Amino acid sequence: QVQLVESGGGLVQAGGSLRLSCAVSGRYVMGWFRQAPGKEREAVAAIGLQSDNRTYADSVKGRFTISRDYANKMVYLQMDSLKPEDTAVYYCAAARRYSATLVVQEYVHWGQGTQVTVSS
């Protein structure tokens with residue numbers, strides 16, 4: 001059974017940074033998604049089995065960085081220059097494929113989520 005456990009959320013001022021972590025057992029394509037109140041879940045970033053295979057939503061390009069550490073079984077989302085519109089519950093998810101994708105339907109395992117709140 002795949003277990004995904006997120007951590008690192010919190011409250012930060014606009015312009016600040018946070019790093020989210022996701023503990024994952026096994027080798028999967030990993031993605032970060034977010035869902036704000038009243039909105040649909042949207043993709044943020046994804047990383048393939050090869051760590052240099054990464055893709056980002058346009059809204060976070062240049063501000064967020066996804067990475068993975070196979071030795072420690074972790075996936076990270078470094079979030080810089082945060083904006084109030086980044087406020088959401090952030091989820092990590094796992095997909096059974098080789099290359100990164102932002103297609104939410106490809107992801108079959110999900111974590112419980114961690115709240116990120118950016119104040120203006």
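Trainee: What makes strand E2 (residues 10-13) and E11 a pair, and in which sense do they run, parallel or antiparallel?

Mentor: In this predicted model, four bridges join strand E2 to E11, and the two run parallel. Since two strands pair if at least two bridges are found between them, the four bridges that link E2 and E11 satisfy the criterion. Within this pairing, Val12 stands opposite Val118 in E11.

Trainee: How do you know that strand E9 (residues 88-95) also pairs with E11?

Mentor: The same test applies, with at least two bridges required, and three bridges join E9 to E11, here in the antiparallel sense. Ala88 has Val116 of E11 as its bridge partner. E11 is therefore paired with E2 in the parallel sense and with E9 in the antiparallel sense.

Trainee: Which residues of strand E11 (residues 114-119) make up its covered face, and which its uncovered one?

Mentor: The covered face of E11 consists of Thr114, Val116 and Val118, while Gln115, Thr117 and Ser119 form the uncovered one. Val118, which stands opposite Val12, and Val116, the bridge partner of Ala88, both belong to the covered face.

Trainee: What makes the side chains of strand E1 (residues 4-7) an alternating set?

Mentor: Along E1, Leu4 and Glu6 point to one face and are buried, whereas Val5 and Ser7 point to the other face and are not buried. Buried here means under 20% relative accessible area, a condition that Leu4 and Glu6 meet and that Val5 and Ser7 do not. E1 also pairs with strand E3 (residues 18-24) in the antiparallel sense over four bridges, and in that pairing Leu4 stands opposite Val24.

Trainee: Why is E5 described as largely enclosed by the rest of the structure?

Mentor: Five of the six residues of E5 are buried, so the strand is largely enclosed by the rest of the structure.

Trainee: Which strands pair with E5, and over how many bridges?

Mentor: Strand E4 (residues 29-35) pairs with E5 in the antiparallel sense over five bridges, and three bridges join E5 to E6, again running antiparallel. Ala45 takes part in both pairings, for Trp32 stands opposite Ala45 on the E4 side, and Ala45 stands opposite Tyr56 in E6.

Trainee: What lies between the strands of the hairpins that involve E5?

Mentor: The hairpin of E4 and E5 has six residues between the strands, and in this hairpin Gly38 takes a positive phi near 80°. E5 and E6 likewise form a hairpin with six residues between them. Gln50 lies in the loop between strand E5 (42-47) and strand E6 (54-56).

Trainee: Why is Gln50 called partly exposed?

Mentor: The partly exposed class lies between the buried limit, under 20%, and the exposed limit, over 50%; at 42% relative accessibility, Gln50 therefore counts as partly exposed. The C-alpha atom of Gln50 is separated by 8.9 Å from that of Ala100, although the two residues are 50 apart along the chain.

Trainee: Why is Lys73 called exposed, and what is notable about its phi?

Mentor: Lys73 has 53% relative accessibility and therefore counts as exposed, because the class begins over 50%. Lys73 lies in the loop between strand E7 (64-69) and strand E8 (74-79), and it has a positive phi of about 55° although it is not a glycine.

Trainee: Why does Ser81 count as partly exposed?

Mentor: At 40% relative accessibility, Ser81 falls into the partly exposed class, since it is neither under 20% nor over 50%. Ser81 is found in the loop between E8 and E9, and it too is not a glycine yet has a positive phi, of about 50°.

Trainee: How do you know that the radius of gyration agrees with that of a compact globule?

Mentor: With 120 residues, a compact globule would have a radius of gyration near 14 Å, and the protein has 13 Å, which agrees. The C-alpha atoms fill a box of roughly 40 × 25 × 25 Å along the principal axes, and 45% of the 120 residues count as buried.

Trainee: What does the secondary structure of the protein come to?

Mentor: The protein has zero helices and 11 strands. Of its contacts with a separation of 6 or more, 59% are between residues 24 or more positions apart.

Terms used: Residues numbered from 1 in each chain as written. Predicted model: local features only at pLDDT ≥ 70, side-chain atom pairs only at ≥ 80, totals over all residues. Heavy atoms only, no water. Rg over C-alpha atoms; globule rule 2.2 N^0.38 Å. Buried < 20%, exposed > 50% of the residue type's maximum accessible area, 1.4 Å probe, protein only. Contact = heavy atoms within 4.5 Å.
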